[in-house]
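Dear colleague,

I am handing over the structure we spoke about, and below it you will find what came out of going through it. Please read the notes with the coordinates open beside them.

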Amino acid sequence: MKTVLISGGRGLIGKSLSRVLRQKGYTVYKLTRKPIKSSHIYWNPEKQTIESKYLSEIDIIINLAGSNIASKKWSVDRKIDLVNSRVNSIDFLKKSAEKMPNLKYFISASGINCYGYNGPHEKIESDPYGKDFLSRLVKDWETASDSFSDVCPVAKLRIAMVIDRRGGALKKIMRPIKFGLGSPLGSGKQYVPWIHIDDLCSMFVYCIENNISGTYNAANGYISNHELMKTITKKMKKPFFLPAIPKGILKVFLGEMASMLTESLKVSNEKIRKAGFRFRYANFDSAITEIVKK
Ligand SMILES: NC(=O)c1ccc[n+]([C@@H]2O[C@H](COP(=O)([O-])OP(=O)(O)OC[C@H]3O[C@@H](n4cnc5c(N)ncnc54)[C@H](OP(=O)(O)O)[C@@H]3O)[C@@H](O)[C@H]2O)c1
């Protein structure tokens, strides 16, 4: 069975994905700045350091490394960190690939928020990048990933909001709802693309096992913010009566980052379905039922 190296593998997606891969028989090593297990390999892209153990065994790289987009307001310095932690770490990974003679495949996380907002149609992968900060970030991130194409096939998954009870956006959304404080954000009419963590992990595995290359929207679908909040609140058996939090207030607290919550984005998942991938969760209701049940 093949050996996989996951950069940023100790984060939310990496934890589930490594579990799925190990269950399927893959050997998984994680690149991390804070190793605590024997399967962790220390690296620090900023310092251009990497431990060389296991690198000669690597067949596949899954790149998930990058500072968390939603954990802090986007100051000028923060924006630089969001870009550098992705682009520079891929550049360093590419240099380190010299120590991986067996490397056959590179797949990287990318972001769905790359098309700009509020267009009337579902965005497909060949649509142009938007002009906002996240769109420019994704463009640089994907260009860096493409540098691997002179070594092996490259795939990029433009990941939507990940639905996972263990962390990320959903955990943050569920917190006020637990206290009976669920309400829509902004107009509530804006669409939010989403993906269940199980479907995302299956999509990574599907791409690896079918040697899929290119760029793919990774989203089960999209849902209006009002419907999303209402569905989660209902499943948690909590009240949903509070007025929407106005966009202006969100902007005061979150700055430019508020755009991720208040602006609308519709995306198509037809390309990955045409490549043969089948989603497990057909709609948000079934995905969230499974999460809340746990
Ligand atoms: N979760 C989502 O909803 C979502 C949606 C769209 C796209 N994505 C993208 O998918 C990737 C994985 O997401 P995630 O939710 O698993 O993220 P996460 O939980 O924040 O984990 C990201 C990992 O990146 C590593 N990292 C952070 N800063 C770094 C730096 N300066 N240099 C090198 N490594 C660094 C960290 O690993 P160590 O601390 O162990 O080094 C961390 O565990 C990210 O790039 C994210 O932007 C996620």
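At 9% relative accessibility, D59 counts as buried, because the cut-off for that word is under 20%. Please keep in mind throughout that this is a predicted model. D59 sits in the loop that leads from β4 (49-50) to β5, and its side chain makes a polar contact of 2.6 Å with the side chain of K104. Leaving out residues up to four places away in sequence, D59 touches K2, T3, N102, L103, K104 and Y105.

The strand that follows this loop offers a second buried polar residue. N63 belongs to strand β5 (residues 60-63), and with a relative accessible area of 0% it is buried. A polar atom of the N63 side chain lies 3.4 Å from the backbone nitrogen of A65. Once neighbours within four places in sequence are set aside, the contacts of N63 are S7, I90, L93, F106, I107, S108, A109 and W141.

Two strand pairs, one early in the chain and one later, can be described in parallel terms. Strand β1 (residues 3-7) pairs with β2 in the parallel sense over five bridges, and within this pairing L5 stands opposite Y29 of β2. Of the six residues of β2 (residues 27-32), five are buried, so this strand is largely enclosed by the rest of the structure. Further along, strand β7 (residues 154-159) is joined to β10 by five bridges, and the two run parallel, with R158 placed opposite N217 in β10. Strand β10 (residues 214-218) has four of its five residues buried, so it too is largely enclosed by the rest of the structure.

There is also a three-stranded open sheet, in the order β8-β9-β11, in which the pairing is mixed. Its edge strands are β8 (161-163) and β11 (221-224), each of which pairs on one side only. On average, and with direction ignored, neighbouring strands of this sheet are turned by 45 degrees against each other. Strand β9 (residues 191-196) is joined to β11 by four bridges in an antiparallel arrangement, and P193 stands opposite Y222 of β11. Helix α5 (residues 197-209) lies across β8 and β9, and runs at about 65 degrees to β9.

Helix α6 (residues 225-235) has N225, L228, M229, T231, I232 and T233 as buried residues. What covers them includes three strands of the sheet just described, β8, β9 and β11, together with the helices α4 (168-178), α8 (259-262) and α10 (284-293). Just after α6, K237 takes a positive phi of about 55 degrees.

The part that may interest you most is the ligand. Which residues are closest to the ligand? They are L12, I13, T32, R33 and R86, out of 24 residues that surround the ligand. Three polar approaches can be listed for it:

- an oxygen atom of the ligand is 2.9 Å from a polar backbone atom of I13;
- a nitrogen atom of the ligand is 3.4 Å from a polar backbone atom of S67;
- an oxygen atom of the ligand is 2.7 Å from an N or O atom in the side chain of R86.

Taken alone, the ligand exposes 880 Å², and the protein buries 85% of that. The elements that give two or more residues to the shell around the ligand are α1 (12-23), α2 (76-96), β6 (105-111) and β8.

Finally, is R278 buried or exposed? At 60% relative accessibility, R278 counts as exposed, because that word applies over 50%. R278 is found in the loop between α9 (270-274) and α10. Not counting residues up to four places away in sequence, R278 touches D199 and R273, and a polar atom of its side chain lies 3.2 Å from the backbone oxygen of R273. The C-alpha atoms of R278 and N220 are separated by 9.8 Å, although the two residues are 58 residues apart along the chain.

With best regards

Methods
Residues are numbered from 1 along each chain as its sequence is written. This is a predicted model: local features need pLDDT of at least 70, side-chain atom pairs count only at pLDDT 80 or more; totals for chains, interfaces and linings use all residues. Side-chain values use heavy atoms; hydrogens and water are left out. Buried means under 20% relative accessible area, exposed over 50%, partly exposed in between (1.4 Å probe, protein chains only). Two strands pair if DSSP finds at least two bridges between them. Axes are lines fitted to C-alpha atoms, for helices over the stretch in contact, and angles run from 0 to 180 degrees between N-to-C directions. Contact means heavy atoms within 4.5 Å. A residue is near a molecule or strand if one of its heavy atoms lies within 4 Å of it. A polar contact is a pair of N or O atoms within 3.5 Å; within protein, one must be able to donate a hydrogen and the other to accept it, and residues adjacent in sequence count only if both atoms are side-chain atoms. Accessible areas come from the Shrake-Rupley method with a 1.4 Å probe; for residues, only the protein chains shown count as cover.
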